[in-house]
Every structure is written in C-alpha cells, then in structure tokens.
Amino acid sequence: MLRQFRRANLWLLMLSVAVIACSWLIIFRQGISAYTYQKEIQDLKSQLEQSDLTTLIKTNEVLQLKDRLANEQQKLLSINNNLMTNTTGPSFDMSLSNQIHEPSIQTFLPHLKKKPRALVPAVKTGKNKLGATIVIGIPTVKRSKESYLVKTLRSLFNSMSDEEKEIVIVVVFIAETNLKFIKDTVQLLTNEFDIHIESGLLEIIAPSADYYPDLTHLPLTLGDNIQRVRWRTKQNLDYAYLMMYAMSKGVYYVQLEDDVISAPSCVSKMKNFAMKLHSQQWFVLLFSQLGFIGKMFRTQDLGYMVNYMLMFHKDQPCDWLLDHILYSKVCSVDKSMRHCSAQKQRLSKRFRPSLFQHIGKHSSLAGKVQPLKDKSFRMAGGNQFVPHNNPPAKITSTIKHHQSYSIEFAYAGRKMFWGIKPHKGDFITFQFLKSTELNSISISSGNSEHPGDILNNAEVCLLQDGKEAKSENFVNIGKFNHGNFHYVFVKNNKFGKISVVKINVLQNSTSWIIFREIYMKL
C-alpha cells in the first residue's frame with residue numbers, strides 16, 4: 001500500500017513538472033511572438049511614415065506642375081487675346097471694361113512692369129537640387145558690426161547627420177545689390193562650405209538690383225522713423241523673394257535668420273513634428289518663440305505668405321503680418337480676443353523646447369542692439385563636451401587656454417578645451433606614458449554655443465615607438481577638415497605602437513578654438 005502511494009506521488013510529481021515545462025514553453029513562445037509582432041508593427045509604422053512623406057513630396061510636385069500648366073495656359077490666353085484684339089469685325093468686343101485682370105506681383109511692385117528680369121537671381125551658386133523634405137531659407141545682409149553668418153551655417157550643418165543632409169536644402173539669400181559684397185560673401189561661403197555646395201546641400205543666391213523699388217520715400221507707420229520703416233520694408237521684400245525661390249524645392253520651408261545657432265538633430269525633430277501633424281489643419285509650425293526665426297510652412301502655402309507680405313510690405317513688420325494672416329483666417333469680430341487666440345493656436349502649433357537660439361548682439365538695423373534670448377532653447381547636453389577615457393599621457397601645449405578650460409582637463413574627460421587664438425607654429429603633443437596601439441583618433445572642435453571656435457589649417461602627426469622625437473621622424477596622417485579630425489587604423493597597421501600624437505598649427509587662427517571631444521581609442 002505504501003509502495004503504491006509513493007508510486008502515485010511520483011507520477012503526480014512528474015505530471016506537475018511536465019505541466020510547468022509546457023507552460024513555460026508556451027509563455028516563452030508567446031513572448032517571442034509578442035516581440036516579433038511588436039517589431040513587425042514598428043517596421044510597418046516606419047514604412048507608413050516614409051510612405052506618407054513620399055506622398056507629400058509627390059503631391060507637392062503635382063501641384064507645382066499644375067501651377068506651371070496654369071501659367072502656360074495664361075500665356076497662351078494672353079497671346080490669343082492679342083490676336084483677337086488685332087482682328088477687325090463686329091463680333092469682338094475687347095474693350096478694357098470687358099477684360100479680367102488678375103492681380104500679380106506687379107500689382108504690389110508696379111516698378112517690375114518695366115523690369116522683365118527683375119525676379120531672376122543676379123547670382124546663383126549651387127546644384128539647383130529639388131525634391132527636398134525641408135528647405136531652410138537664411139537671408140543675410142551686410143552688417144555694420146559683426147557678421148554671424150558663418151557661425152550660423154556651421155552650427156546648422158554640425159547639428160545634422162548625414163541622413164538629415166540628404167533631405168535638406170539650405171538657401172542663403174544675400175539680400176544686397178553691392179556686387180563686391182555679394183562676390184566676397186560667395187567667396188567666403190565657398191571657401192568654408194565647398195563640400196556642402198558640391199553635394200547640393202547649400203545654395204547661394206542674390207537678387208537683381210531691379211527687384212527693389214525706391215525705398216527713399218516711404219509712408220511713416222507705427223510711429224517708426226524712416227530708417228526703421230525702410231529696414232522692415234526691405235526685410236519683407238527679402239523674405240518674399242526667398243520664399244518665392246524656395247516654393248518649388250521641397251515639401252516644407254523653414255525661415256531662419258543669419259544670427260542663430262541650432263540644437264542637435266533639429267532637422268529630424270522638425271520633420272517628425274510636421275509629419276505627426278500632417279493630417280491636421282495648420283498654417284505655421286513654431287520652432288522658436290522669437291520673431292520670424294524657426295517658422296515652418298508647407299511650401300504649397302507660401303503663396304499666401306508672399307502675397308500678404310508684398311501687399312503690406314510698407315505697412316507692417318513680417319512677424320506682425322504673419323499674426324494678421326492667422327487673425328484673418330480664424331478670428332471673428334463678434335468674438336473675444338481670448339477666443340481669437342485659441343483659434344489661432346489651431347493654425348499655429350508650437351514645438352518645445354525651441355530648436356534655434358538667437359546669438360546676434362547687433363541687429364542688421366544699424367545702431368540697434370538686441371540681446372534677445374529664447375528661454376525655451378535647450379541644447380539637451382548635445383554637442384557641448386563629450387568625455388572619454390584616454391590612455392595616460394603627458395601633454396604639452398603652446399596654446400594658452402581660457403580660465404580652467406585646459407587641454408589636460410579635456411583629455412582627462414573633465415571639461416572642454418578652450419584655447420586662445422592659435423598661431424602658426426603652435427602645437428599640442430600627447431606623449432603616452434606607455435606606447436600603445438590605437439584603434440582610431442577623433443578630435444572635434446567647436447560646439448553649438450560657439451560654432452565658430454574651430455581648428456582649421458592644422459595637421460596631425462604620429463611618432464612610432466622606439467623612434468627619437470625629431471621632426472623628421474613624425475609621420476603626417478592627415479589634416480583637420482571643417483574643424484574635425486578622424487583617423488581609423490586598420491588591423492595590423494604599419495605604425496604598430498605609437499608613442500606620441502602631435503597636432504601642428506599651420507596658419508594663424510582668426511578665432512579661439514574649442515575641443516569638445518578628444519578620443520584616442522584603443
């Protein structure tokens with residue numbers, strides 16, 4: 001009896017183990033299935049987002065073709081009307097009272113009637129790329145004090161990944177008619193950003209002098225003096241020109257100014273926010289709370305903005321005109337201003353934190369100082385300082401550092417290096433306490449707060465283990481390119497163990513330098 005009882009318990013135990021094992025197997029398989037389904041759902045979501053973006057691009061292209069067709073039809077109709085006007089007979093009444101005259105840019109800028117090529121850019125540099133997701137427009141003018149244009153572009157380009165650069169076109173509009181200034185600016189940007197011009201990422205244009213009307217006799221409005229009225233009038237004309245140029249180049253248009261810095265990955269953040277809202281009715285997306293900085297429009301809506309700017313170019317500043325458009329679209333005269341504000345917010349969506357920060361101290365309006373800062377702007381720790389654990393080394397530098405921002409602290413991963421204007425012949429050496437084989441060397445200069453503080457015209461050299469530290473024994477492995485240096489050693493590299501890495505400055509620098517990252521990867 002006892003034996004049977006034990007045997008029954010044994011069978012019960014085996015059955016329990018089997019049930020538990022099967023249960024775990026089912027749960028494990030369900031877990032795998034759940035993970036697989038989640039991954040498939042995520043992949044499908046990504047495909048749908050890409051499909052939505054492709055659809056937007058194609059829709060935009062169709063609308064552009066439709067506009068071109070309408071323009072060609074209008075030209076044919078005009079030719080036909082001219083022919084009919086020259087035909088004699090009682091059946092045709094072509095008096096002016098029976099003709100319909102649609103408004104055009106010449107309605108708001110009548111001087112253009114006698115200037116047929118006034119809207120053709122006088123200068124155009126770039127690849128004339130089309131089909132972008134985002135077109136970024138940056139108007140720039142000659143400033144009496146400091147120019148921030150190069151810093152603005154460096155910050156913007158440094159904030160982008162290679163993938164982001166593929167979907168963007170940046171258009172710099174030199175809003176001047178002085179040919180020497182235009183030529184000098186084009187040369188400066190070509191020297192600094194030739195790679196981005198060659199890739200089609202950057203385009204540079206300047207208007208014909210015939211585009212601008214006479215700005216000497218303007219009506220004084222809003223209590224502003226003639227200098228300010230002239231400044232804001234021309235700004236409206238500049239923005240309208242840039243928007244007209246950008247209309248056919250992409251799906252979305254973002255207006256920047258020439259004195260801002262950009263947050264990391266700002267392009268992806270703007271694209272994702274716009275795609276998230278693509279089925280909603282919005283007119284402008286706000287990526288900064290200051291002025292006209294970081295304002296995004298659908299390119300198909302730019303016609304409204306351009307017409308409004310041209311219609312009232314002498315009366316109101318551009319950011320006020322934008323607010324008036326929103327008011328005209330959704331506000332009612334028999335409702336409260338609170339109700340109006342709520343309605344405008346439906347068409348004007350705000351992204352937080354701001355993706356662009358104003359850095360200009362001196363306005364393009366001569367004599368105006370505007371230390372405006374966007375309190376919502378956050379770098380989120382990005383692009384400031386990237387610490388690494390580097391192999392122990394003795395460091396020597398002839399470049400003086402600012403305050404406590406020493407090269408030793410940067411190498412040790414404590415804070416960035418901030419050097420004061422390097423000169424030709426300056427150097428920095430990293431002498432390893434124990435010779436070592438390196439996997440790669442990465443040195444990045446400048447950051448988003450100080451995008452102009454980069455090192456160019458400098459080379460990096462190596463001294464192999466066992467060799468005397470003479471100049472002829474150092475091997476040059478490359479130069480800094482747009483403020484950055486990156487070198488990867490292949491396996492079984494010919495250098496073997498390295499005892500010294502040296503940076504040589506080849507020309508005087510016009511700015512301070514920041515090393516935000518130093519990485520001697522083992």
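## Starting with contacts

Two residues are in contact here when heavy atoms of theirs lie within 4.5 Å. With that in hand, look at the contacts between residues at least 6 apart in sequence: 76% of them join residues at least 24 apart. Keep in mind as you browse that this is a predicted model.

The chain has 522 residues, and 43% of them count as buried. Its secondary structure adds up to 11 helices and 19 strands. About 29400 Å² of the chain is exposed, with carbon and sulfur atoms supplying 55% of that area.

## The eight-stranded sheet

A good place to get your bearings is an open sheet of eight strands. Reading across, the order is β1-β4-β3-β2-β5-β8-β7-β9, and the pairing is mixed. At the edges sit β1 (123–125) and β9, each of which pairs on one side only. On average, neighbouring strands of this sheet are turned by 20° against each other, direction ignored.

In general, strands of a sheet pair through backbone hydrogen bonds, either parallel or antiparallel. Which way do β2 and β3 pair? They go in the parallel sense, over seven bridges; β3 covers residues 168–174. In β3, valine 170 is the bridge partner of isoleucine 136. β2 is also joined to β5 (residues 250–255) by five bridges, and these two run parallel. Over there, glycine 137 stands opposite glutamine 255 in β5.

How covered is β2 (residues 132–140)? Mostly: nine of its nine residues are buried. One step further along, four bridges join β3 to β4, and these strands run parallel. Phenylalanine 173 has isoleucine 205 in β4 as its bridge partner.

## Helices against the sheet

Now for the helices. α6 lies across β1, β2, β3, β4, β5 and β8 (295–298), and runs at about 160° to β5. α7 packs on the sheet as well, touching β2, β3, β5, β7 (284–286), β8 and β9. The direction of α7 makes about 120° with that of β2.

## Rings that meet

The count of aromatic pairs comes to 19. One of them is tyrosine 211 with tyrosine 241, an edge-to-face pair at 4.8 Å centre to centre, with 70° between the planes. This pair links distant parts of the chain: tyrosine 211 is in the loop between β4 (202–206) and α6 (226–246), tyrosine 241 is in helix α6, and they are 30 residues apart. Both tyrosine 211 and tyrosine 241 are buried. Ring pairs also tie Phe173, Tyr211, Tyr212 and Tyr241 into a cluster.

Another edge-to-face pair is made by phenylalanine 273 and phenylalanine 351, 5.2 Å centre to centre and again with 70° between the planes. Here too distant parts of the chain are linked: phenylalanine 273 is in helix α7 (residues 266–276), phenylalanine 351 is in the loop between β9 (348–350) and β10 (356–358), and 78 residues separate them. Are these rings buried or exposed? Phenylalanine 273 has a relative accessible area of 14%, so it counts as buried, since the cut-off is under 20%. Phenylalanine 351, at 16%, is buried because the cut-off of under 20% applies to it too.

## Charges over rings

Rings have charged company as well. The charged end of arginine 298 sits over the ring of tryptophan 282, 4.0 Å from its centre. Likewise, lysine 502 has its charged end over the ring of phenylalanine 427, 4.9 Å from the ring centre.

## A few backbone oddities

Most residues other than glycine have a negative phi, and most peptide bonds are trans. Which peptide bond is cis, with omega near -5°? That is the one from arginine 352 to proline 353. You'll find proline 353 in the loop between β9 and β10.

Two residues with a positive phi are worth a look. Serine 265 has a phi of about 60° although it is not a glycine, and it lies in the loop between β6 (260–262) and α7. At 33% relative accessibility, serine 265 counts as partly exposed. Glutamine 403, which is not a glycine either, has a positive phi of about 50°. Its place is in the loop between β11 (393–397) and α11 (407–411). Is glutamine 403 buried or exposed? With 59% relative accessibility, glutamine 403 counts as exposed, because the cut-off for that is over 50%.

Methods:
Residues are numbered from 1 along each chain as its sequence is written. This is a predicted model: local features need pLDDT of at least 70, side-chain atom pairs count only at pLDDT 80 or more; totals for chains, interfaces and linings use all residues. Side-chain values use heavy atoms; hydrogens and water are left out. Buried means under 20% relative accessible area, exposed over 50%, partly exposed in between (1.4 Å probe, protein chains only). Accessible areas come from the Shrake-Rupley method with a 1.4 Å probe; for residues, only the protein chains shown count as cover. Two strands pair if DSSP finds at least two bridges between them. Rings of Phe, Tyr and Trp (its six-membered ring) pair if their centres lie within 6.5 Å; planes under 30 degrees apart count as stacked, over 60 as edge-to-face and the rest as tilted. A charge sits over a ring if NZ of Lys or CZ of Arg is within 6 Å of the ring centre and within 35 degrees of the ring normal. Axes are lines fitted to C-alpha atoms, for helices over the stretch in contact, and angles run from 0 to 180 degrees between N-to-C directions.
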